[in-house]
Amino acid sequence: MARNPDMAPIELQKLVNKYFAETEEKGEFPTEAGMELYLDIEENKYKKMVNSDKYAEVFHKAKLRRMHWLENKMVTEPRCAQGCMNALKQEKNGGYADRTLPGTGSKKLTIELAGVGKNAAR
């Protein structure tokens, strides 16, 4: 498909749109690996393109589309929720976290009230 690492971002966006349309037609989740295979771009060139300013918006939109697909599937088909959440935890699909991150754990607050209790009113 692509093989041309110097293509215009609009050309790449058209190919990515076509990939998403084909996966939707098949009822498949549009994976990043599947998109890379579809675009027929060697892995190192793909990584460079993903991290380049020139194509950043195209790949960011693709990530958002994968997140949207997973989020929608998770809430409309509860039996798929755990699998979708596992995929959403991958950085390439959103990097969700369902745990407290280090340094942001729960805090304990102790309040002492003077003059309150069964022996306080004497």
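**Entry 1: the largest pocket**

I began with the classes of residue lining the largest pocket: three are nonpolar, four are polar and five are charged. The model I am reading is a predicted one. I noted a volume of about 210 Å³ for this largest pocket.

Next I listed the lining. Phe 20, Thr 23, Glu 24 and Glu 28 are among the residues there. Pro 30, Arg 65, His 68 and Trp 69 belong to the lining too. Asn 72, Lys 73, Thr 76 and Glu 77 complete the list. Two elements give two or more residues to this lining, α1 (9-26) and α4 (56-76). Which element gives the largest share? I found that α4 does, with six residues.

**Entry 2: the second largest pocket**

I moved to the second largest pocket, which has a volume of about 160 Å³. Its lining includes Glu 32, Met 35, Tyr 46, Val 50, Ala 56 and Phe 59. I also wrote down His 60, Ala 62, Lys 63, Arg 66, Glu 91 and Lys 92. The elements with two or more residues here are α2 (32-39), α3 (43-50) and α4. Again I looked for the largest share, and α4 supplies it with six residues. By class I noted six nonpolar residues, one polar and five charged.

**Entry 3: the nonpolar cores**

I kept a general point in mind: nonpolar side chains tend to be buried together in soluble globular proteins. Then I looked up the largest nonpolar core, which has 16 residues. Which of them have the most contacts inside it? They are Leu 12, Val 16, Met 35, Leu 39 and Phe 59. Helices α1, α2, α3 and α4 each give two or more residues to this core. The most come from α1, which gives five.

I took Leu 12 as my example. Leaving out residues up to four places away in sequence, Leu 12 touches Met 7, Leu 39 and Met 49. Leu 12 also touches Tyr 55, Val 58 and Phe 59. Another core of eight residues lies apart from the largest one. Cys 80, Cys 84, Ala 87 and Leu 88 are among its members.

Two residues came up twice in my notes. Met 35 lines the second largest pocket and has a place among the best-connected residues of the largest core. Phe 59 also appears in that pocket lining and in that core list.

**Entry 4: the aromatic pairs**

How many aromatic pairs does the structure hold? I found four. One of them joins Tyr 19 and Tyr 38 in a tilted arrangement, 5.5 Å centre to centre with 45° between the planes. This pair links distant parts of the chain, with Tyr 19 in helix α1 and Tyr 38 in helix α2, 19 residues apart.

Are these two rings buried or exposed? The cut-off for buried is under 20% relative accessible area. Tyr 19 has 6% relative accessibility, so I count Tyr 19 as buried. Tyr 38 has a relative accessible area of 13%, so Tyr 38 is buried too.

I then turned to Tyr 46 and Phe 59, an edge-to-face pair with 5.4 Å centre to centre and 80° between the planes. Tyr 46 lies in helix α3 and Phe 59 in helix α4, so their pair ties together parts 13 residues apart in sequence. Both Tyr 46 and Phe 59 are buried.

My last note is on a cluster. Tyr 19, Phe 20 and Tyr 38 form one aromatic cluster. I had already met Phe 20 in the lining of the largest pocket.

Notes
Residues are numbered from 1 along each chain as its sequence is written. This is a predicted model: local features need pLDDT of at least 70, side-chain atom pairs count only at pLDDT 80 or more; totals for chains, interfaces and linings use all residues. Side-chain values use heavy atoms; hydrogens and water are left out. On a 1 Å grid over the protein atoms alone, a cavity is a set of points where a 1.4 Å probe fits but cannot get out, and a pocket is an open set with protein on both sides within 12 Å along at least five of seven lines; lining residues have an atom within 4 Å of a point. Grid points are joined across faces, edges and corners, and a volume is the space filled by probe spheres set on the points. Helices (H or I, at least four residues) and strands (E, at least two) are DSSP runs, numbered from the N terminus. Ala, Val, Leu, Ile, Met, Phe, Trp, Tyr, Cys and Pro count as nonpolar, Asp, Glu, Lys and Arg as charged, and the others, Gly among them, as polar. A nonpolar core is a set of buried Ala, Val, Leu, Ile, Met, Phe, Trp, Tyr and Cys residues joined through side-chain atoms within 4.5 Å. Buried means under 20% relative accessible area, exposed over 50%, partly exposed in between (1.4 Å probe, protein chains only). Contact means heavy atoms within 4.5 Å. Rings of Phe, Tyr and Trp (its six-membered ring) pair if their centres lie within 6.5 Å; planes under 30 degrees apart count as stacked, over 60 as edge-to-face and the rest as tilted.
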